[in-house]
Each structure stands twice: as C-alpha cells, then as structure tokens.
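Trainee: I should like to work through this model with you, beginning with how its helices pack.

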Amino acid sequence: MLTRLGDLLRAVLRHDSQPESTLREEISLTQAYVALEQMRFGDRLHVKFDIAQEVQEAMVPCFLLQPLIENAIIHGLRGARQTGIITVSAMNQGSELVLTVTDNGIGLPVEGAEMKIGIGLQSTCERLERMYSNRHTFSIRKPAEGGAEVRIKIPLRSADLEDGVYHNGQPAVVGR
C-alpha cells in the first residue's frame, strides 16, 4: 500500500504546476488512486477503463477524474450491498472529448429532492468553467439501470500538435 501511495504522490508532484495533461497521464494517475482504493475494498470494488485509442493524447485538466471516482466510491457505493462497479470512459464525439464516470451504487436522490454538490464536484465545475468557459458541459444523471453518471464534454485538443494547441483562435481538434 505504501508503494502505491508513493506512486500516486510522485504522479501528483509531477503534474503539480500544470493545468492540463494528456488523458493518458490522467488515466495513469487515476489508476494509481484506484489501486489504493482496491487495496482498501478488495473484491467489493471493480473499476473498468474504456478509453478510445484516438483520445489518449487529448488534453484534459489535471486531476479531473480522481475526484469523480472518489465521489462515486464515497457517495455512490457507501452502504451498497453489491460489488461496486465504476466505469470510466472517454471517446471522441465530433470536436468534443466526452468523459463519463458511472457507478452502480445507490444513485441520486429521488426526483424532486435537492441534490447537494460537495466540495469535490463544485471545484471540478469551477475549474471547467475557468478553463473552458461556455465550451464545456458537466452533468449528473441517474441511468435507467441505477447508480449515477457524471458526464463531461470539453473541446477535443491534442497534445501532439507541432505548432501549438490553437489554430485561428479555435482549439485544434484531434483527428482533423
């Protein structure tokens, strides 16, 4: 467990001053966090990553996924009797990167009840607003099969552009 914690701390320190990293790096950091949680929960927690190959080098805010997974574990899976399954996915949708974190936990409050957004989700929303202004979406919904799903759409920009991230004032897009 100490080795896994050391891996996570090293990854955090590497990205400490950068606002963005590649999705590949973000997934690596998230997997280090998940490894710690799986040591804690054992067979009661399964996390799947479904990341499209073409978005591996897309730019994302640093530490975007970890608080979403932490939220799914703390709020979604707390008190659940079945094995917790969290799925993290990323795909290209036109000129947008779509990221989802879905859990099979207790789900959202009943319809009509006010949902409280905690510090982790609030700070994630604020960071997305600062970084992407009106070019992003953040939503939380209850899938038909239960649990909860957080969905984020941001401009799809590649880290491997030769002449920088922006062309003609617009974000460059992976695959164009």
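Trainee: How are H2 and H3 oriented to each other: roughly parallel or roughly antiparallel?

Mentor: In this predicted model, helix H2 (residues 23-41) and helix H3 (residues 65-76) have axes 9 Å apart and pack at an angle of about 25°. Angles under 35 degrees count as roughly parallel. H2 and H3 are therefore roughly parallel to each other.

Trainee: Which class of residue, nonpolar, polar or charged, has 8 members in the contact of H2 with H3?

Mentor: From H2, the residues that meet H3 include Leu23, Ile27, Val34 and Phe41. On the H3 side, Leu65, Ile69 and Ile73 are among the residues met. By class, the contact has 3 charged residues, 2 polar ones and 8 that are nonpolar.

Trainee: Which element gives the most to the largest nonpolar core?

Mentor: That core holds 31 residues, of which Leu23, Val55, Ile86, Val88 and Leu97 touch the most other members. At least two residues each come from H2, strand S2 (45-51), H3, strand S4 (84-93), strand S5 (96-103), helix H4 (119-132) and strand S7 (148-155). The greatest contribution, 5 residues, is that of H3.

Trainee: Which residues of H3 does Ile86 contact, given that H3 spans residues 65-76?

Mentor: Neighbours within four places in sequence are left aside here. The contacts of Ile86 then include Leu45, Val47, Leu77 and Val101. Within residues 65-76, the span of H3, the partners of Ile86 are Ile69, Ala72 and Ile73.

Key. Residues are numbered from 1 along each chain as its sequence is written. This is a predicted model: local features need pLDDT of at least 70, side-chain atom pairs count only at pLDDT 80 or more; totals for chains, interfaces and linings use all residues. Side-chain values use heavy atoms; hydrogens and water are left out. Axes are lines fitted to C-alpha atoms, for helices over the stretch in contact, and angles run from 0 to 180 degrees between N-to-C directions. Helices (H or I, at least four residues) and strands (E, at least two) are DSSP runs, numbered from the N terminus. Angles under 35 degrees count as roughly parallel, over 145 as roughly antiparallel, 65 to 115 as roughly perpendicular and the rest as oblique. Contact means heavy atoms within 4.5 Å. Ala, Val, Leu, Ile, Met, Phe, Trp, Tyr, Cys and Pro count as nonpolar, Asp, Glu, Lys and Arg as charged, and the others, Gly among them, as polar. A nonpolar core is a set of buried Ala, Val, Leu, Ile, Met, Phe, Trp, Tyr and Cys residues joined through side-chain atoms within 4.5 Å. Buried means under 20% relative accessible area, exposed over 50%, partly exposed in between (1.4 Å probe, protein chains only).
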